[in-house]
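Trainee: Please give me a close look at a single part of this model, with enough of its surroundings to place it in the whole. I should like the terms and their cut-offs stated as you go.

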Amino acid sequence: MGARGSRAGASWVGGSWFGWSRAKQGPSRPTSTRRRGDGESPPPPKVGNYKRTVKRIDDGHRLCSDLMNCIHERARIEKTYAQQLTEWAKRWKQLVEKGPQYGTVEKAWHAVMSEAEKVSELHLDIKSALMNEDFEKIKNWQKEAFHKQMMGGFKETKEAEDGYRKAQKPWAKKLKEVEAAKKAYHAACKEEKLAISREMNSKADPALNPEQLKKLQDKVEKSKQDVLKTKEKYEKSLKDLDHVTPQYMENMEQVFEQCQQFEEKRLRFFREVLLEVQKHLDLSNDVSYKNIYRELEQNIKTADAIEDLRWFRANHGPGMSMNWPQFEEWSADFNRTLSKREKKKASDGVTLTGVNQTGDQALQHTKHSSVSSSEKNQSYPTEWSDEESSNPFSSTDANGDTNPFDEDASPAMEVRVRALYDYEGQEHDELSFKAGDELTKTEDEDEQGWCKGRLDNGQVGLYPANYVEAIQ
């Protein structure tokens, strides 16, 4: 009984060694995840169940590729996000510059777009770090750790497989003998039981003669002898197996530890790489990242509503400088009305009486205009503006293109014309068109070579007279 108990223990140990082929488990866990009852026997040992441990080497190579793909996808996300931030910042910078916002609040608004541009650069740095450092590090480690063979597979996998086969070969041979002896012994026992059953039945059968009964008795005796022989052979084969089991376990453990060491290197490397990825992704500890939002907060807090209102009052309200009409003597030159182009060539300080602002006044006006970049692109009329197109003392029509004080503002016969060349309006009161477009000339050419016309969409403005021809 003691021998059988030791054999059962050896078989279970053997089963645990072969248990490497079982389902995926965590470290320091029993080989079998199935809970065994008190009366349940452990699984029998099997030859070749080390393949799960060998397959883990191939899985390690695949996991390296999976981790590289994972990092590559994240790098693409970082790049796309950076591009979207840059495009968003560029678009809204232009919209704010062309919009009606002004003063310190405009600067604060621009600071939000500047934040996006700076954060975009940081995310591009993340993308570069992921690809140039982490991705390349995994790629190089994979190349150094796994060596491909000419016939396919990896050298490390083949070495592990050969090591297990070599360690298992003597024990597997003995195990095969045990299985054969066991099969023979069980067959003899079955035959003995059958012979005894026949003999018992024959005693109750009066039709059998003594000679037949003697044959059945001899069969029973022979089967008992076969049982003893096969049992002895079975027990001997088990003893032989028990004899080689310790060496088998030692050899298998050596090969297994080599596989464990190889896997330990991969696991530690993955942990190291993932920590580096975390450092690259974590912007919360980046000093430049913190400075971006510190600077953004300062820029927003500098916005001053009172200062902006004061500036608007001085430039577009009652506080702006005005050239009120004054008495002037008549002169022949003054009697001539300036054309539209001549007025545009005059200085910023043109007055209704033809008197320009002084240099100091013009300089003061320029300083006020520099407060907001949007003033450069302002295309809507300002009620208090002293510009020609919106001066409260220079009344214009609905399109802002006629002056009641111009002597030559008489209606002309409308003529349909066709554009000979492309023209892009340089001022807000000029038309833009493409070669071949048709429009309506509403006023004849002035001294500077400009005509007034109307596009088919209703827009009225000036255009060069030599850029069109009359439609016949």
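**The strands and their setting**

Mentor: Ile77 counts as exposed, with a relative accessibility of 53% (exposed is over 50% relative accessible area, buried under 20%, partly exposed in between, with a 1.4 Å probe and protein chains only). The model is a predicted one, in which local features need pLDDT of at least 70 and side-chain atom pairs count only at pLDDT 80 or more, whereas totals for chains, interfaces and linings use all residues. Residues are numbered from 1 along each chain as its sequence is written, and side-chain values use heavy atoms, with hydrogens and water left out.

Ile77 lies in helix α2. Its C-alpha atom is 9.4 Å from that of His123, a residue 46 places away in sequence. The chain as a whole holds 10 helices and five strands, both being DSSP runs numbered from the N terminus (helices H or I, at least four residues; strands E, at least two).

The part to examine closely is the sheet. Its five strands form an open arrangement in the order β4-β3-β2-β1-β5, with antiparallel pairing (two strands pair if DSSP finds at least two bridges between them). The edges are taken by β4 (460-464) and β5 (468-470); each has a single partner strand, so one side of each is left without a neighbour in the sheet.

Take β1 as the starting point. On one side, strand β1 (residues 415-419) is joined to β5 by three bridges, and the two run antiparallel. Within that pairing, Val417 stands opposite Ala470 of β5. On the other side, four bridges connect β1 with strand β2 (residues 438-443), again in the antiparallel sense. Val417 has a bridge partner here too, namely Leu439 in β2. Arg418, in turn, faces Glu438 of β2.

From β2 the sheet continues to strand β3 (residues 450-454), to which β2 is paired antiparallel over three bridges. Thr440 is placed opposite Arg454 in β3. The hairpin of β2 and β3 has six residues between the strands, and in this hairpin Gly449 takes a positive phi near 85 degrees.

The packing of the chain gives the sheet its context. The largest nonpolar core has 49 residues, and those with the most contacts inside it are Ile71, Ile138, Phe146, Tyr164 and Val273 (a nonpolar core is a set of buried Ala, Val, Leu, Ile, Met, Phe, Trp, Tyr and Cys residues joined through side-chain atoms within 4.5 Å). At least two residues of this core come from each of the helices α2 (51-98), α3 (103-145), α4 (155-203) and α5 (210-281). The largest share, 14 residues, is supplied by α5. Val273 touches Leu67, Ile71, Lys137 and Ile138, leaving aside residues up to four places away in sequence (contact means heavy atoms within 4.5 Å). A second core, separate from this one, has 13 residues, including Trp450, Cys451, Ala465 and Val468.

Cys451 counts as buried, at 5% relative accessibility. Cys64 is likewise classed as buried, at 0% relative accessibility. A search of the whole structure finds zero disulfides (a disulfide is a pair of cysteine sulfur atoms within 2.5 Å).

Leu213 offers a further view of the helices. This residue belongs to α5 and is partly exposed, with a relative accessible area of 26%. Leu213 touches Ser202 and Lys203, again not counting residues up to four places away in sequence. The C-alpha atoms of Leu213 and Glu199 are 7.3 Å apart, although the two residues are separated by 14 places along the chain.

Two figures describe the chain overall. Buried residues account for 32% of its 472 residues. Of the contacts between residues at least 6 apart in sequence, 72% join residues at least 24 apart.
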